[in-house]
Amino acid sequence: MSHLEGGPESDKRMLRQRSLAVRNRLTPDDVRAAAGALAERALELAELAHARTVAAYVSVGIEPGTLALLDALRARGVRVLLPVLLPDNDLDWGAYTGEGSLARVRHGGKMALLEPAGERLGPDAVTAADVVLLPGLAVDGRGMRLGRGGGSYDRVLARLEDSGARPSLVVLLYDAEVVEHVPAEAHDRPVHAVVTPSGTRRFT
């Protein structure tokens, strides 16, 4: 029925609700263990081994944890950029210089985000990244990613495309979130790889 009601958009909504329901059953220990394994797997990626600049994000709540990975990238001498949510849902960027450089920011009624407290580098700063680490809720065998629905990363991906930048796009997920099918719309772009606590999968 969902195809008649709204096609990919309502299918996405249902898949989002399912993914979030599964995440909500994770314990703090599950989240902690997954974050450590995720950092280890991600650091084995050839794309990250050669990257000079990585655009990433700070996980919140029960999202697959990224802080250990951010610190490991910094220890390697990588420049790490983190997003700052703008009022129109677009993203500005700032440099990550350690946990002390993060500020907790509440946007309206949404959950508080950890954002870089320093200088704002502008929305185009992401075009300098060699790798962009994307949040998501699922990915399928074609590399189609299900986002959270805010549209922020759709804008980032469109900006990368318009600028001619070709970074590696990598989504960080839990193992069960690699699914058979993610509903896609014409503007959706596939990612190049997914990293989960148990391994990495590349898409052609």
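**Close-up views of a predicted model**

**View 1. A salt bridge joins Arg-142 and Asp-140.** Arg-142 counts as partly exposed, because its relative accessibility is 41%. The model shown here and in every other view is predicted. The partner of Arg-142 is Asp-140, and their side chains meet in a salt bridge at 2.7 Å, N to O. Asp-140 has a relative accessible area of 0%, so Asp-140 is buried. Salt bridges with shared partners also build one network, made up of Asp-88, Asp-90, Asp-124, Arg-155 and Arg-159.

**View 2. Glu-177 pairs with Arg-23.** Over the whole structure, a search finds 15 salt bridges. In one of them, the side chains of Glu-177 and Arg-23 meet at 2.7 Å, N to O. What does this pair tie together? Glu-177 sits in the loop between E9 and E10, while Arg-23 belongs to helix H2 (residues 8-23), so the pair links parts that lie 154 residues apart in sequence. Are the two partners buried or exposed? Glu-177 has a relative accessible area of 6%, which is under the 20% limit, so Glu-177 is buried. Arg-23 has a relative accessibility of 2% and therefore counts as buried.

**View 3. Asp-29 and Arg-32 form a salt bridge within helix H3.** The closest N and O atoms of Asp-29 and Arg-32 are 2.4 Å apart. Both residues lie in helix H3. Their spacing is three residues, about one turn of the helix. Arg-32 reaches 56% relative accessibility, which passes the cut-off of over 50%, so Arg-32 counts as exposed.

**View 4. Seven strands make an open, mixed sheet.** The strand order is E3-E2-E1-E6-E9-E10-E11. Which strands are at the edges? They are strand E3 (91-95) and strand E11 (199-202), each pairing on one side only. On average, neighbouring strands are turned by 25° against each other, direction ignored. Helix H3 (residues 28-43) packs on this sheet and touches strand E9 (168-172), E10 and E11. The direction of helix H3 makes about 140° with that of E10. Helix H6 (residues 152-163) lies across strand E2 (79-85), E3, strand E6 (131-134) and E9. Helix H6 runs at about 80° to E3.

**View 5. E10 and E11 form a hairpin.** Two residues lie between the strands. Strand E10 (residues 193-196) and E11 run antiparallel. How many bridges join them? Four bridges do so. Within the pairing, Val-195 stands opposite Thr-200 in E11. Ala-193 faces Arg-202, also in E11.

**View 6. Val-54 is one of the residues with the most contacts inside the largest nonpolar core.** This core has 46 residues. Trp-93 and Leu-133 share the top contact ranking with Val-54. Leaving out residues up to four places away in sequence, Val-54 touches Leu-48, Leu-73, Val-78, Arg-79, Val-80, Leu-81, Val-131 and Leu-133. A second core is separate and has six residues, among them Leu-15, Leu-137, Met-144 and Val-182.

**View 7. His-107 makes a side-chain contact with Glu-115.** His-107 is found in the loop between strand E4 (102-105) and strand E5 (113-116). Is this histidine, His-107, buried or exposed? His-107 counts as buried, because its relative accessibility is 17%, and the limit for buried is under 20%. Which residues does His-107 touch, not counting residues up to four places away in sequence? They are Leu-85, Leu-113 and Glu-115. With Glu-115, the contact is polar and runs side chain to side chain, at 2.8 Å. Gly-65 gives a distance marker: its C-alpha atom and that of His-107 are separated by 21 Å, with the two positions 42 residues apart along the chain counted as their spacing.

**View 8. Asn-89 has a positive phi.** The phi value is near 80°, in a residue other than glycine. Asn-89 is placed in the loop between E2 and E3. The relative accessible area of Asn-89 is 22%, so Asn-89 is partly exposed. Partly exposed covers the range between the buried limit of under 20% and the exposed limit of over 50%.

Notes:
Residues are numbered from 1 along each chain as its sequence is written. This is a predicted model: local features need pLDDT of at least 70, side-chain atom pairs count only at pLDDT 80 or more; totals for chains, interfaces and linings use all residues. Side-chain values use heavy atoms; hydrogens and water are left out. Two strands pair if DSSP finds at least two bridges between them. Axes are lines fitted to C-alpha atoms, for helices over the stretch in contact, and angles run from 0 to 180 degrees between N-to-C directions. Contact means heavy atoms within 4.5 Å. Buried means under 20% relative accessible area, exposed over 50%, partly exposed in between (1.4 Å probe, protein chains only). A polar contact is a pair of N or O atoms within 3.5 Å; within protein, one must be able to donate a hydrogen and the other to accept it, and residues adjacent in sequence count only if both atoms are side-chain atoms. A nonpolar core is a set of buried Ala, Val, Leu, Ile, Met, Phe, Trp, Tyr and Cys residues joined through side-chain atoms within 4.5 Å. A salt bridge is a side-chain nitrogen of Lys or Arg within 4 Å of a carboxyl oxygen of Asp or Glu.
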